[in-house]
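Open your viewer, set the cartoon representation going, and keep a selection box ready. We will walk through one model stop by stop, with something to select at each.

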Amino acid sequence: MSHSLTPHDKGNLPVLGAPPLIRLDAYVAEDGSTVVNGHLLKMGGMRPPNEAILDAVAMFARTLGAPVAATVIDRSVRQIARIRVYPDGSSRTIAEDEDLPPGRERTVAEEETFPPLARVERIIQHAQREELHAAFVLAGALREHLTLRRGAEDELSLEARAIEAYLAYLRGDYLISTVLALTVARIRCTTDLNRAVPEVARATAAWQCLGDEGQIATRGKELLHMWERLSAEGLLREPSHHAMAEAVRSRIEQAGRHVEAPAPASTPALATPQGVLAPEDKPLKPTRRGLRRFTRRPGRADG
């Protein structure tokens, strides 16, 4: 196979005889980078992501001797695909109403097999080796699937988003970092105000690196609103936090822009057929049957 997953990697295989609630997960980033079960695939040449995913899932099906299900979040086309792959290499896509319903039992079973914390450790290892692109893509995959399963406000989903924001900052993608960090801060301001201060501070650090005046104003207004709310609640206990709040105000005023209160920080997460998304997550198209790029006839799996 042309990617890094092989049957010899026993740590990446589900437990033999695992209950049918467990399924694999795959992710395609907007640039085509492809992840299966927290592993970035090494794509050879112009290999399409869908082919690499089907080969990887077929490997699991052959190893287990049984059909394997997978949920694919494909950001390159903004769509979710739910697939079943068989040991003979054939596959088909199913609609959401054919899939097992979401629920705590299913989530626990899936995450016991492929623990999120093990994926975080892998992300950190890539970052320590300065493989920032790989770390960033893996963090995005983790955040997308945790959000799909658990919702944007879940603790693990928030931590994955915060990690992704930090990696974007290290890569110099300051707008992406700001957007991700602001979403974490916005949710914290809604669900746990006492833990919001460090998240607002992180969002401010990324925002301070922005160069686009429009983004500076738009994101700065929301940041200032958050700082003012935290101050009113008596939660700014460090001089550095007061300094950051004042720096946001000063930068907006120096740009000659009138500061108006943005939408309340308690803006709720959006509900979609795919699950709960944070307000700035781009929605995904509903899953449907018969997606040709994930449909194969028997015997087409990579040997």
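The tour starts with the whole chain, moves through a sheet and a helix, and ends at a pocket.

**Before you click**

This is a predicted model, in which local features need pLDDT of at least 70 and side-chain atom pairs count only at pLDDT 80 or more, while totals for chains, interfaces and linings use all residues. Residues are numbered from 1 along each chain as its sequence is written, and side-chain values use heavy atoms, with hydrogens and water left out.

**Stop 1: the whole chain**

Colour by secondary structure and you should find 9 helices and 8 strands. Helices (H or I, at least four residues) and strands (E, at least two) are DSSP runs, numbered from the N terminus. Of the 303 residues, 47% count as buried; buried means under 20% relative accessible area, exposed over 50%, and partly exposed in between, with a 1.4 Å probe and protein chains only. Contact here means heavy atoms within 4.5 Å. Among contacts between residues at least 6 apart in sequence, 68% join residues at least 24 apart.

**Stop 2: the open sheet**

Next, display the sheet whose 6 strands run in the order β3-β2-β1-β4-β5-β6, with mixed pairing. Two strands pair if DSSP finds at least two bridges between them. At the edges stand β3 (39-40) and β6 (91-94), each with a single partner strand, so one side of each is left without a neighbour in the sheet. Helix α4 packs on this sheet and touches β1, β2 (34-36), β3, β4 and β5, its direction making about 125° with that of β1. For that angle, axes are lines fitted to C-alpha atoms, for helices over the stretch in contact, and angles run from 0 to 180 degrees between N-to-C directions.

**Stop 3: strand β4 and its neighbours**

Select residues 68-74, which make up β4. Is this strand enclosed or open to the outside? Since 7 of its 7 residues are buried, β4 is largely enclosed by the rest of the structure. In a regular strand the side chains alternate between the two faces of the sheet. Here Val68, Ala70, Val72 and Asp74 point one way, and Ala69, Thr71 and Ile73 the other.

Now add β1 (residues 24-28), which pairs with β4 in the parallel sense over 5 bridges; Ala26 stands opposite Val72. Then add β5 (residues 79-85), antiparallel to β4 over 7 bridges, where Ile80 is the bridge partner of Ile73. The hairpin of β4 and β5 has 4 residues between the strands, and Arg78 takes a positive phi near 55° there.

**Stop 4: out to β6**

Moving along, 4 bridges join β5 to β6, and these strands run antiparallel. Two pairs to label are Val85 with Ser91 and Ile83 with Thr93. This hairpin has 5 residues between the strands, with Gly89 at a positive phi near 95°.

Label Ile94 as well: it belongs to β6 and is buried, at 1% relative accessibility. Draw a distance from its C-alpha atom to that of Arg289, and you should read 4.6 Å, although the two are 195 residues apart along the chain.

**Stop 5: two positive phi values**

Most residues other than glycine have a negative phi. Asn37, in the loop between β2 and β3, has a positive phi of about 50° and is buried, with a relative accessible area of 2%. Glu130, in the loop between α3 (116-128) and α4, has a phi near 60° but counts as exposed at 69% relative accessibility.

**Stop 6: helix α2**

Select residues 104-113. The buried residues of α2 are Arg106, Thr107, Ala109, Glu110, Glu111 and Thr113. Their cover includes β4, α3, α4 and α5.

**Stop 7: the largest pocket**

Finish with the largest pocket, whose volume is about 560 Å³. Of the 22 residues that line this pocket, the closest to its centre are Glu30, Arg143, Glu164, Ile176 and Lys282. A pocket is found on a 1 Å grid over the protein atoms alone, as an open set of points where a 1.4 Å probe fits, with protein on both sides within 12 Å along at least five of seven lines; lining residues have an atom within 4 Å of a point. Grid points are joined across faces, edges and corners, and the volume is the space filled by probe spheres set on them.

Helices α4 (132-150), α5 (155-171) and α6 (174-191) each supply at least two lining residues, and the largest share, 6 residues, comes from α4. By class, the lining has 8 nonpolar (Ala, Val, Leu, Ile, Met, Phe, Trp, Tyr, Cys and Pro), 11 charged (Asp, Glu, Lys and Arg) and 3 polar residues (the others, Gly among them).
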